[in-house]
Amino acid sequence: MAEQQRSLPILYSFRRCPYAMRARLALKVVGLDVYIREILLKDKPEPMLAISPKGTVPVMLLPSGRVLDESRDIMAWAASQSGSQKLAAAEQDALQWLDLNDVEFKQHLDRYKYADRYPEHPAEFYRAEAEVFLLQLEQQLQLQQKQGVSQFLLGSTLTQADIGIFPFVRQFVMVDQPWFESADYVCVKRWLNFWLGSNVFARVMQRYSPWKSTDVATIF
Ligand SMILES: N[C@@H](CCC(=O)N[C@@H](CS)C(=O)NCC(=O)O)C(=O)O
């Protein structure tokens, strides 16, 4: 098993984590196999903490020994391996969208999701703050729609912005699905539903039992 483990990257992942989702999406869009190790956030495996003491997922250990412990680095690595047009290196606009998502939207999303932990304001306040980003997304997707593209945020091909952002929008929707259904985000809904209904999303949401060091390596 040790031999095998050196031949493919090892990915420490957590099924429901949107950062881990974007990493898994990038790997599967490009068609790369890794050994997957599903973790429990409350009981992180020692070998993962040994290579990335900050203790966040995803973490990927490459056969060379290099460690990638930021989801965006894993997406970029997958893109760099693609050699085809499946996933391009992120250009400035994709990086800016990812920044908006990771820095601003995520912060409001967390407060909306866990509004009881932030009693200064009601959930609707945090939702409205998060909607600033959602409205930007809607406007960008409207522009795309005019070009006849509804499934991609930028241009006519998949970018890291699509797979890097939709798992977070999914989380936003899940806080209050009926409210989102009644809201007027026509293009965001179409874009999100395209990705939620995709084969690649079904693939990356496959369930794995939490990894134990005695397990046989599982290829994802
Ligand atoms: N900047 C990191 C953030 C990753 C992150 O925060 N992941 C969460 C899970 S969604 C985590 O591992 N949190 C640590 C914990 O809950 O103990 C990345 O992009 O990979």
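This is a short dialogue about a pocket and a set of salt bridges in a predicted model.

Student: Let's start with empty space. What is the volume of the largest pocket?

Tutor: Here is the general idea: rolling a probe the size of a water molecule over the atoms shows where empty space is left. In this predicted model, the largest pocket comes out at a volume of about 440 Å³.

Student: Which residues lie nearest the centre of that pocket?

Tutor: Look for Arg16, Pro18, Lys113, Tyr114 and Gln171, which lie nearest the centre among the 18 residues of the lining.

Student: How do the lining residues divide into nonpolar, polar and charged?

Tutor: The lining of the largest pocket holds nine nonpolar residues, three polar ones and six charged ones.

Student: And which helices each supply at least two residues of the lining?

Tutor: Find helix H2 (18–30), helix H5 (92–113) and helix H7 (160–175) in the viewer; each supplies at least two. H7 gives the most, with four residues.

Student: Where does the largest pocket lie with respect to domain 1 and domain 2?

Tutor: Between them: domain 1 (2–86) and domain 2 (92–200) both give residues to the lining, so the largest pocket lies between the two.

Student: Now to charges. How many salt bridges does a search of the whole structure find?

Tutor: The general idea first: side chains of opposite charge can pair when their charged atoms come close. In this structure the search finds seven salt bridges.

Student: Which residue meets arginine 22 in a salt bridge?

Tutor: Aspartate 102 does, with 2.7 Å from N to O. Arginine 22 belongs to helix H2 and aspartate 102 to helix H5, so this pair ties together parts that are 80 residues apart in sequence.

Student: Are arginine 22 and aspartate 102 buried or exposed?

Tutor: Both of these residues are buried.

Student: What about arginine 72; which residues does its side chain pair with?

Tutor: One is aspartate 99, where the closest N and O atoms are 3.0 Å apart. Arginine 72 sits in helix H4 (residues 71–82) and aspartate 99 in helix H5, so parts that are 27 residues apart in sequence are tied together. Arginine 72 also meets aspartate 102 in a salt bridge, at 3.3 Å from N to O. That pair again joins helix H4 to helix H5, so it ties together parts that are 30 residues apart in sequence.

Student: How accessible are arginine 72 and aspartate 99?

Tutor: Arginine 72 is partly exposed, with a relative accessible area of 23%. Aspartate 99 also counts as partly exposed, at 38% relative accessibility.

Student: What do Arg22, Arg72, Asp99 and Asp102 form when viewed together?

Tutor: These four residues are linked in a network of salt bridges.

Technical notes:
Residues are numbered from 1 along each chain as its sequence is written. This is a predicted model: local features need pLDDT of at least 70, side-chain atom pairs count only at pLDDT 80 or more; totals for chains, interfaces and linings use all residues. Side-chain values use heavy atoms; hydrogens and water are left out. On a 1 Å grid over the protein atoms alone, a cavity is a set of points where a 1.4 Å probe fits but cannot get out, and a pocket is an open set with protein on both sides within 12 Å along at least five of seven lines; lining residues have an atom within 4 Å of a point. Grid points are joined across faces, edges and corners, and a volume is the space filled by probe spheres set on the points. Ala, Val, Leu, Ile, Met, Phe, Trp, Tyr, Cys and Pro count as nonpolar, Asp, Glu, Lys and Arg as charged, and the others, Gly among them, as polar. Domain bounds come from an automatic or database domain assignment. Buried means under 20% relative accessible area, exposed over 50%, partly exposed in between (1.4 Å probe, protein chains only).
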